[in-house]
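The exercises below walk through one protein model, and each task is followed by a worked solution. Please keep the sequence and the 3D view open while you read.

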Amino acid sequence: LRLVVVAHLALPAFAYGGGDGSTKSKFLAAYPMLFKFFLFWWCMFVFAVMAVYIFDHLLTRYRGPAKIEYTVERVIQSVADREAYWAQLVDPTTWSPTHPVLETADLRMVECGDDEKRSTNGSGKATSAASGAGAGAAEVDDSAAVAEPATDAGEFAPSKAVRPVPLSRLRTGLGLMLRHKGNSERAGTFACTRRCEEIVTPKKDTWRLVMKTYDVGGGYPYLADSEETEVEMEAAAKDGSIVCRITGKAAVSSRFFRWWTGLQQSAALSAEALLEAIEAEVGKSKKKD
């Protein structure tokens, strides 16, 4: 056995360096120079990719996940009172089919359990979709619900139990379960569940909404339990304008992935687009009236 091992190690070396080891045989001499040029740079490319991957992994291991933080502010030239714009954030029953959330996802309203008391539903069942927004099925912990086979499997299945409730205005503990929409291969699969952590609406002061990602499905860019969004809407100024501010934070496992996909910039742009769309939605509804 030792002889076989030595032969396997020695013979390739002899083939490359010659029998006496004095001169090196040109084992690539038969190949054109162009081939050797591309082979060299291919090896350099593979080495660079592996170096970046290892360095990125070590950074995450010793310094923690990569953070994403942004703040977006928009001054809404209002054509309605503050409640109309606020409803576009917290009341899905008032949303039209062109609302930015409904254009990109199917949703249903759910009651999310306390993180400390939650328990995963092991029955593998889900209730039928009953949301007016056209949502799919979800894992639940509700004995009174009508059950049907779950449409999700593996990484696309919700990992935390929720209880479907009728579509209504958001309040603390309620959340929105979102599913991918469109013609992609993930259409209809579970994307995430966003839970309302806090909602405050004093009469003459700033209104505040805090949403946190309660559960995520396969392909979601942010780490579970890391994404939190805070929306602040100030009272109308004397000229009727309303200042709305979105502050978000999240974390991803790779700094290279954050840079390559432009997550920091795209998250801020998405928040800006949401505020712009909300202003347009209220404007359209007032024109219809």
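Helices (H or I, at least four residues) and strands (E, at least two) are DSSP runs, numbered from the N terminus. The model is predicted, so local features need pLDDT of at least 70 and side-chain atom pairs count only at pLDDT 80 or more, while totals for chains, interfaces and linings use all residues. Residues are numbered from 1 along each chain as its sequence is written, and side-chain values use heavy atoms, with hydrogens and water left out.

**Exercise 1. The sheet**

Task: Work out in which order the eight strands of the open sheet are arranged, and which strands stand at the edges.

Solution: Begin with the rule that two strands pair if DSSP finds at least two bridges between them. Following the pairs gives the order β1-β11-β10-β9-β8-β7-β2-β6, with antiparallel pairing. The ends of this order are β1 (66–77) and β6 (162–164), each of which has a single partner strand, so one side of each is left without a neighbour in the sheet. From one strand to the next the twist averages 25°, where axes are lines fitted to C-alpha atoms, for helices over the stretch in contact, and angles run from 0 to 180 degrees between N-to-C directions.

Next, look at the edge strand β6, which pairs with strand β2 (residues 105–112) in the antiparallel sense over three bridges. One residue pair to find here is C112 with its bridge partner V162 in β6.

**Exercise 2. Strand β9 and its neighbours**

Task: Find how many bridges join β9 to β8 and how many join β9 to β10.

Solution: On one side, strand β8 (residues 190–200) runs antiparallel to β9 and is joined to it by eight bridges, with R194 standing opposite T213 in β9. The connection from β8 to β9 is a hairpin of six residues. On the other side, six bridges join β9 to the antiparallel strand β10 (residues 228–233), where V231 is the bridge partner of L209.

To finish, consider how covered β9 is, taking buried to mean under 20% relative accessible area, exposed over 50%, and partly exposed in between (1.4 Å probe, protein chains only). Strand β9 (residues 207–216) is mostly covered, since eight of its 10 residues are buried.

**Exercise 3. Loops beside the strands**

Task: Which residue in the loop between β9 and β10 is not a glycine and yet has a positive phi?

Solution: Most residues other than glycine have a negative phi, and most peptide bonds are trans. Against that background, D225 has a positive phi of about 65° although it is not a glycine. D225 sits in the loop between β9 and β10 and is partly exposed, with a relative accessible area of 37%.

Then compare two further loop positions. T206 belongs to the loop between β8 and β9 and is partly exposed at 26% relative accessibility, whereas A235 belongs to the loop between β10 and β11 (241–252) and is partly exposed at 35%. Although A235 and T206 are 29 residues apart in sequence, their C-alpha atoms are 6.0 Å apart in space.

**Exercise 4. Cysteines**

Task: How many disulfides does a search of the whole structure find?

Solution: Count a disulfide as a pair of cysteine sulfur atoms within 2.5 Å. With this cut-off, the search finds zero disulfides. For C112, the nearest cysteine sulfur is that of C196, which is 9.7 Å away. C112 is buried, with a relative accessible area of 9%, and C244 is buried as well, at 1%.

**Exercise 5. The largest pocket**

Task: Which helix gives the most to the lining of the largest pocket?

Solution: First fix the terms: on a 1 Å grid over the protein atoms alone, a pocket is an open set of points where a 1.4 Å probe fits, with protein on both sides within 12 Å along at least five of seven lines, and lining residues have an atom within 4 Å of a point. Grid points are joined across faces, edges and corners, and a volume is the space filled by probe spheres set on the points. The largest pocket holds about 1,100 Å³ of space. It is lined by 39 residues, of which V101, L178, R194, E227 and L274 are the closest to its centre. Helix α6 (residues 263–288) gives the most to this lining, with seven residues.

Lastly, sort the lining by class, where Ala, Val, Leu, Ile, Met, Phe, Trp, Tyr, Cys and Pro count as nonpolar, Asp, Glu, Lys and Arg as charged, and the others, Gly among them, as polar. The result is 25 nonpolar, nine polar and five charged residues.
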